[in-house]
There are 2 protein chains.
Amino acid sequence: MTHIDISKPILDKNDRLAQSNKELLREKKIFVLDLMASPGAGKTTAILATIEALKERFRIAVIEGDIASDVDAQKIKAAGVPAIQINTGGVCHLESDMIRHALDQLPLDDLDLIIVENVGNLVCTTEFYLGENAKVMILSVPEGDDKPLKYPTIFQTSKAVILSKTDTMPVFDFDYEAFERTVNSLNPKAPIFQLSAKTGEGIQQWAEWLANQVKHAQNAPDGQSLH
Amino acid sequence: MTHIDISKPILDKNDRLAQSNKELLREKKIFVLDLMASPGAGKTTAILATIEALKERFRIAVIEGDIASDVDAQKIKAAGVPAIQINTGGVCHLESDMIRHALDQLPLDDLDLIIVENVGNLVCTTEFYLGENAKVMILSVPEGDDKPLKYPTIFQTSKAVILSKTDTMPVFDFDYEAFERTVNSLNPKAPIFQLSAKTGEGIQQWAEWLANQVKHAQNAPDGQSLH
């Protein structure tokens, strides 16, 4: 029996366009963060807190990916930052051509950092390179400390892991040590940031890490820059 | 430009196998519930509570779908119920051939109800018919009251909607009226069950609804039965 892997040509085409995005972004010296998480893990809230922490140092824009609605883009625009809403119309992840359409609508000469909020999904989002500099994931405390065991790939693909809604840890009997142990075994290099938008915990540490990533990429010699 | 929709042959093949599953299940008079939700919304906890509420009235088994690990199947087996773990190895949803493999390992002559716990995903799981009698979804309070706007299809595909972790409503400022309004506009017929595994709220109402579905299907005249 012949087995045809239909996912390969799709991924090949996606990667070619992602490479083209990357070249454009390198030329413009823009750092792109692809933020992934489950639905309702707090991606938009984390982005708003990141904007607040870094808006004096970097010129920021946001690309919002959702199946439907523009709820999130409205929230970002209200924070005074350019936001493009992508509605995937059923597709469970963003792809590089969607990002390119969004980039075409942004003032690229006036930006340092673009945060992409991917569709709420712990699986499909990890497979598509968009031309970003880093993928980072958020897990929220209510989802439970066993999630790294069940969705290992996203933890392995992420350059950093944000644990959100940490103020609710006592409510959900979240075992932080077990969580940290599993994350470290899957991805020893990734720092874990504990964030609570309610108390403000951890926002500064996370924002500093991201700021260092952006500065490091912008100062890298040409050819190696922004990768 | 020719546009080839590669998703169609996959779905066609899936639907043929699903139909075959359905015929087998109808013959065995087994009701199948496909339970869908985000990662960490409380699917396994809801299943354990459902087993506890219905185990004296129905012979129950569980099929667990996960990217990786058998954490959930172990929990179900500990409750004294047959459980089959499917590891999709990266696939973001269950398909009908995976269900058939699991059915082949279950004592079908001694079962009334099979609960399928799908992979944690609000998007891809809705597209695949497995041969089930009903799809039901869980949204957890921490995910936020705006999720029906962002993931409308899963709310439209579900025969009932469970809102879980309702004891945490004050912690998350969840606007129940807004949530109910949106769900009703997307799917006017679907009842909403408010569940808290911590306080026991709503388990009985949900279990009664499910029991009625099972009995209705088992008592339907042949040919219409279990659909």
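Reader: What makes strand β1 of chain B count as mostly covered?

Author: In this predicted model, β1 of chain B spans residues 31-37, and 7 of its 7 residues are buried. A residue is called buried when its relative accessible area is under 20%, and on that basis the strand is described as mostly covered.

Reader: How do you know which faces of β1(B) are covered?

Author: In a regular strand the side chains alternate between the two faces of the sheet. On one side of β1(B) stand B:Phe31, B:Leu33, B:Leu35 and B:Ala37, and on the other B:Val32, B:Asp34 and B:Met36; these residues are all buried, and both faces are therefore covered.

Reader: What makes β1(B) and β4(B) a pair, and in which sense do they run?

Author: At least two bridges are needed before two strands are said to pair, and β1(B) and β4(B) are joined over 5 bridges in the parallel sense. Within this pairing, B:Leu35 stands opposite B:Glu117 of β4(B). A further 5 bridges join β1(B) to strand β5, residues 134-140 of chain B, and these two strands also run parallel. There the bridge partner of B:Leu35 is B:Val136.

Reader: Why is strand β2 of chain B described as largely enclosed by the rest of the structure?

Author: Strand β2 of chain B covers residues 60-66, and 7 of its 7 residues are buried, so the strand is largely enclosed by the rest of the structure. Both of its faces are covered, with B:Ile60, B:Val62, B:Glu64 and B:Asp66 buried on one side, and B:Ala61, B:Ile63 and B:Gly65 buried on the other.

Reader: Which strands does β2(B) pair with?

Author: One partner is β4, residues 113-117 of chain B, to which β2(B) is joined by 5 bridges in a parallel arrangement; here B:Val62 stands opposite B:Ile115. Another partner is β3, residues 83-87 of chain B, again parallel and again with 5 bridges, and in β3(B) the bridge partner of B:Glu64 is B:Gln85.

Reader: Why is the unit made by β2(B), helix α3 and β3(B) called right-handed?

Author: The name depends on the direction of the path: with the strands pointing away from the viewer, a right-handed crossover runs clockwise from the first strand over the helix to the second. The β-α-β unit made by β2(B), helix α3 (residues 71-78 of chain B) and β3(B) is right-handed, so its path runs clockwise in that view.

Reader: How many disulfides does the structure have, and how do you know?

Author: A disulfide is a covalent bond between the sulfur atoms of two cysteines. The sulfur atoms have to lie within 2.5 Å to be counted, and a search of the whole structure finds 0 disulfides over all chains. As for two of the cysteines, A:Cys92 has a relative accessibility of 10% and so counts as buried, and A:Cys124, at 5%, counts as buried too.

Reader: Why is chain A said to be as compact as a globular protein of its length?

Author: Chain A has 9 helices and 7 strands. Its radius of gyration is 17 Å, close to the 17 Å that the globule rule gives for 227 residues, so chain A is as compact as a globular protein of that length. In chain A, 59% of the residues count as buried, and among contacts between residues at least 6 apart in sequence, 71% join residues at least 24 apart.

Reader: What makes the phi of A:Lys165 worth a remark, and is the residue buried or exposed?

Author: Most residues other than glycine have a negative phi. A:Lys165 has a positive phi of about 55 degrees although it is not a glycine, and the residue is found in the loop between β6 (160-164) and α7 (169-172) of chain A. Its relative accessible area is 15%, which is under 20%, and so A:Lys165 is buried.

Reader: Why is B:Ser158 called buried, whereas B:Glu27 is called exposed?

Author: B:Ser158 has a relative accessibility of 3%, under the 20% limit, and so counts as buried. The residue lies in the loop between α6 (152-157) and β6 of chain B, and its contacts beyond four places in sequence include B:Met36, B:Val136 and B:Asn187. B:Glu27, in helix α1 (residues 7-27) of chain B, has a relative accessibility of 61%, which is over 50%, and therefore counts as exposed.

Key: Residues numbered from 1 in each chain as written. Chains lettered and ligands numbered in written order. Predicted model: local features only at pLDDT ≥ 70, side-chain atom pairs only at ≥ 80, totals over all residues. Heavy atoms only, no water. Buried < 20%, exposed > 50% of the residue type's maximum accessible area, 1.4 Å probe, protein only. Helix = DSSP H or I, 4+ residues; strand = E, 2+ residues; numbered from the N terminus. Rg over C-alpha atoms; globule rule 2.2 N^0.38 Å. Contact = heavy atoms within 4.5 Å.
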